[in-house]
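Hi,

Here is the structure I promised to pass on. Have a look at it first, and my notes follow underneath.

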Amino acid sequence: MPVDALVPNDPRVEEKFFTFSDNIKYHYILAKPAGKPTATVLLVHGFPDLGMAWRYQVPYLLSLNLQVIVPDMLGYGQTSAPKAIEEYTMKNISAHMAGLIKEVTDQPIILGGHDWGGIVVWRLTRYYPDLIRCVFSVCVPYWPPSPVKVTMEEFLARMPNFHYQRQLASGEAEKIVDKSPESLRGFLNGIVGGTTPEGGLAFTIKTGIVEENLTKIQAAQLATPEIIDYYVQEYTRHGMNGPCNWYKTRSLNGDDELVLAKEIPDFKFKLPAMLIMADKDAALPPHLAEGQEKFFEGPFKSELLQNSSHWAMIQCPEEVNKHIGDFIKSVLGDELKASL
């Protein structure tokens, strides 16, 4: 049976806005169960995505009597897309998410992220531990803050799977995608499985966006035409500058990491945590999760999806939902049982 998924303008969710400051406003959807929710979940997406990345997870979490907050992150969709790169640091994004949590609930939340959202949730949990009851990340392990600043070249020498980040941080990628509506549509189709008739890709981890292929990319394999139309609509609001700004923060994040690393050199998470990796994730292969246990004092679960790319939540929604559900049930226990 197909896994239930949200669609654009789905009547099961409310469209909301949260103003963090004069120049920062977030668009988010809020899904509420029929009765009093047992707990609240915040889901954080990555690049190049939207809150709709979690479309297969929201109905499932609602079925567990959970309230769900899903923002479009800074630079995306109807959320503000400032030009200033400093707005996109992990410390600032964490402060935004802390504000959003407090806007919706006065109780600690269940926190989940994917891609850049995975990095956000680990840092948010470090900056605001009192707001988080448990945390999970899809495809992104926890990396402790570096006690020394690391340049892009040093980073790529250690992590060759991330060479595409050089293009995304350079300003070149946004110019390529924003060149025409056809380029944007080709990029968004190509990210989730669309190829040229000859099998050419829109994006590779070695070089990033393949400009000459964009206008020849065919329909996505992992998203319906309706979803792609929605993504095109939302990306047309601001273009690619905001999404790419996340990749330009290495030096600024490095400054904040120095402080975090110095504060608690041997930091370990004390709350329940889960990491879900995907066996066919080209950028973030499973071996990157080796040794994660040493960063956790509290209960830690590690799961590996089979035959899944980086886009695990939409490619393997049933398996991802089961892992998330089992994890949440292990944390909430009798509270959840009493509400179901």
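In α7, the buried residues are S183, L184, G186, F187, L188, N189, G190 and I191. That makes eight of the 11 residues in this helix, which runs over 181-191, so α7 is mostly covered. The cover over those buried residues includes α6 (172-177), β7 (203-204), β8 (208-209) and α8. After α7 comes G193, and its phi is positive, near 105 degrees. Before you read on, please keep in mind that this is a predicted model.

Since α8 is part of that cover, a word on one of its residues. Q233 sits in helix α8, which spans residues 225-238. Is Q233 buried, partly exposed or exposed? Its relative accessibility is 45%, so it counts as partly exposed, given that the exposed class only starts over 50%. Q233 also pairs up with P181 in a distance check: the two are 52 residues apart along the chain, and their C-alpha atoms are separated by 10.0 Å. P181 takes us back to α7, as residue 181 is where that helix begins.

Now the salt bridges. The search over the whole structure turned up 15 of them. The one I would show you first is R133 with E335, where the closest N and O atoms are 2.4 Å apart. R133 belongs to strand β6 (residues 132-138) and E335 to helix α13 (residues 334-339), so this pair ties together parts that lie 202 residues apart in sequence. How covered are the two partners? R133 is partly exposed, at 28% relative accessibility, and E335 is partly exposed too, with a relative accessible area of 39%.

Then there is D10, which forms a salt bridge with R12; here the closest N and O atoms are 2.9 Å apart. D10 is at 6% relative accessibility and therefore counts as buried, since the limit for that is under 20%. R12, on the other hand, is partly exposed, with a relative accessible area of 34%.

Another pair is E303 and K301, whose side chains meet in a salt bridge at 3.9 Å, N to O. K301 has a relative accessible area of 27%, which means it is partly exposed. Going back to D10 and R12, they are joined with D4 into one network by salt bridges that share partners.

Finally, the chain as a whole. Its secondary structure comes to 13 helices and 10 strands. What does the radius of gyration say about the overall packing? For 340 residues a compact globule would be near 20 Å, and this chain has 19 Å, so the value agrees with that picture. The C-alpha atoms fill a box of roughly 55 × 50 × 45 Å along the principal axes. Of the 340 residues, 58% count as buried. If you take contacts with a separation of 6 or more, residues 24 or more positions apart account for 75% of them.

On the surface side, the chain exposes about 14600 Å², and carbon and sulfur atoms supply 53% of that. As for charge, there are 32 positive and 41 negative ones, and their mean positions are 3 Å apart.

That's the lot from me.

Cheers

How values were computed:
Residues numbered from 1 in each chain as written. Predicted model: local features only at pLDDT ≥ 70, side-chain atom pairs only at ≥ 80, totals over all residues. Heavy atoms only, no water. Helix = DSSP H or I, 4+ residues; strand = E, 2+ residues; numbered from the N terminus. Buried < 20%, exposed > 50% of the residue type's maximum accessible area, 1.4 Å probe, protein only. Rg over C-alpha atoms; globule rule 2.2 N^0.38 Å. Contact = heavy atoms within 4.5 Å. Areas by Shrake-Rupley, 256 points an atom, 1.4 Å probe, with all protein chains shown as cover. Lys, Arg positive; Asp, Glu negative; His and termini not counted. Charge placed at Lys NZ, Arg CZ, Asp CG, Glu CD. Salt bridge = Lys/Arg side-chain N within 4 Å of Asp/Glu carboxyl O.
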